[in-house]
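User: Hi! I am new to this structure and would like to learn how to read its features. Could you walk me through it?

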Amino acid sequence: MTDTLTPSRPAASCRCPDTTPALPIYLDYAATTPVDPRVARAMLEFMTEKFGNPASTSHAFGQDAALAVAHARRQVAALIGAPAADIVWTSGATESNNLALKGAAHANRARGRHLITMSTEHKAVLDTMRRLETEGFEVTCLAPQADGLLDPAAFEAALRPDTILASVMMVNNEIGVIQPIAALGRICRARGVLLHVDAAQAGGKLAIDVDQLGADLLSLSAHKLYGPKGIGALYVRSGVALEAQMDGGGHENGLRSGTLASHQIVGMGEACALAQREMAGETARIALLQERLRAGIEALPGVRFNGHLEQRIPHNLNVSFAGGGAAALADRLPDIAVSAGSACNSASSAPSYVLRALGLDDALARSALRITLGRYTGAADVDYLLQQLRVALG
Ligand SMILES: *Cc1c(COP(=O)(O)O)cnc(C)c1O
């Protein structure tokens, strides 16, 4: 297990193609990441020995767990430049988005009923907005430009006197583009509008500073940054009112009741600490892999990259292949895990709504593969994918 997870040699040191890599190859890091073995090790102790309920502070079992939770809270907060007291544990970014949007809309409904988001947001934002619409809120859903980016001027023009909240993701999960959050944050601040940022795909990949971004609410998910599934966090700027969506024992200052999942929390904390320590080196290494992948794909016939090519994380390439469906192409790459179309809606065969929002027609949207690189991707993996693509398209 540990062997297959050992990071491959940095691409820079690989002048010739490596030998055949271990199969199958995982290139779907945007869907989820493996738990880093260092994270898994840190978690184990909090399931078996230090299993206490962090709320049971009258004895050592609970105190040990509570100390670990406090440590993890500092680790998560440090990754985004926030005070530890502003972190609320959730079950993942889906719940963080629900708590942020429903919580802020409900708590601020006396100030206005207008909300703003983008058509390329994750379903956890779009469906939550749709729910709020049924409750009487009005939602403006802004389209991106053809490169996937939101124009801050268009955003500013959409604000109304009764706008209370805007939600724009930092990095898009399908096309990897980085939205101009700091510019939106300045606009929101000047107009007294709360800004929520879904940073599930940005955490551990980009430097995040909630003050510099002007974010009032920010969602994170552990399983997108080499932590366990089922744990996430919501940053809530001090003074921002939220209505709880889960009632019970009053945990997390009443914002999210339920016994804290201490082992999951320890895992998320450790994953964030590792990300913070290793992000610069890892991003540089992955950027080299992306260059290698992009050069190889550009040499193939009839390809088109989706999403802005510079304003993006290096971990993601989204490519349309002319003259065929992506699902059929993915079937011809049996040893390689990539995402055809919309991963988060993979049960449906509908073309990706994100790519359609960029202006791609049905056929081009259906022919797109999302290739996402990560901590355990090596040059040999990229070379193998390129070789298999040549065979499949040839
Ligand atoms: C994965 C993801 C989510 C959902 O996160 P979970 O922790 O799986 O609930 C939300 N938003 C974005 C952008 C994501 O990539």
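Analyst: Happy to help; we will look at cysteines, then cavities, then the ligand. Keep in mind that this is a predicted model.

User: Let's begin with the cysteines. How many disulfides does a search of the whole structure find?

Analyst: The general idea is to look for two cysteine sulfur atoms within 2.5 Å. Here, the search of the whole structure turns up 0 disulfides.

User: Why does Cys 188 have no bond to Cys 141?

Analyst: The closest cysteine sulfur to that of Cys 188 is in Cys 141, and because the two are 15 Å apart, they are too far for a bond.

User: Is Cys 188 buried or exposed? And what about Cys 272, buried or exposed?

Analyst: A residue counts as buried when its relative accessible area is under 20%. Cys 188 has a relative accessible area of 1%, so Cys 188 is buried. Cys 272 is buried too, with 0% relative accessibility.

User: Now for empty space. How many cavities of 30 Å³ or more does the structure hold?

Analyst: Rolling a probe the size of a water molecule over the atoms shows where empty space is left. In this structure there are 2 cavities of 30 Å³ or more. The largest cavity has about 90 Å³ of space. It is lined by 14 residues, and the closest to its centre are Lys 205, Lys 224, Leu 225, Tyr 226 and Glu 282.

User: What classes of residue make up the lining of the largest cavity?

Analyst: That lining has 5 nonpolar, 5 polar and 4 charged residues. Domain 1 (25-35 + 279-392) and domain 2 (38-273) each supply at least three residues to the lining of the largest cavity.

User: Where does the second largest cavity lie?

Analyst: The second largest cavity lies between domain 1 (25-35 + 279-392) and domain 2 (38-273), because both give residues to its lining. About 30 Å³ of space is found there. Its lining includes Tyr 29, Asn 173, Gln 201, Lys 205 and His 315. By class, the lining of the second largest cavity has 4 nonpolar, 6 polar and 1 charged.

User: Last topic: which residues are around the ligand?

Analyst: Among them are Gly 92, Thr 94, His 122, Asn 173, Gln 201, Ser 221 and Lys 224. For polar contacts, look at the distances between N or O atoms. A polar side-chain atom of Thr 94 is 2.6 Å from an oxygen atom of the ligand. For Gln 201, a side-chain N or O atom lies 2.7 Å from a ligand oxygen atom. Ser 221 also has a side-chain N or O atom 2.7 Å from an oxygen atom of the ligand.

How values were computed: Residues are numbered from 1 along each chain as its sequence is written. This is a predicted model: local features need pLDDT of at least 70, side-chain atom pairs count only at pLDDT 80 or more; totals for chains, interfaces and linings use all residues. Side-chain values use heavy atoms; hydrogens and water are left out. Buried means under 20% relative accessible area, exposed over 50%, partly exposed in between (1.4 Å probe, protein chains only). On a 1 Å grid over the protein atoms alone, a cavity is a set of points where a 1.4 Å probe fits but cannot get out, and a pocket is an open set with protein on both sides within 12 Å along at least five of seven lines; lining residues have an atom within 4 Å of a point. Grid points are joined across faces, edges and corners, and a volume is the space filled by probe spheres set on the points. Ala, Val, Leu, Ile, Met, Phe, Trp, Tyr, Cys and Pro count as nonpolar, Asp, Glu, Lys and Arg as charged, and the others, Gly among them, as polar. Domain bounds come from an automatic or database domain assignment. A residue is near a molecule or strand if one of its heavy atoms lies within 4 Å of it. A polar contact is a pair of N or O atoms within 3.5 Å; within protein, one must be able to donate a hydrogen and the other to accept it, and residues adjacent in sequence count only if both atoms are side-chain atoms.
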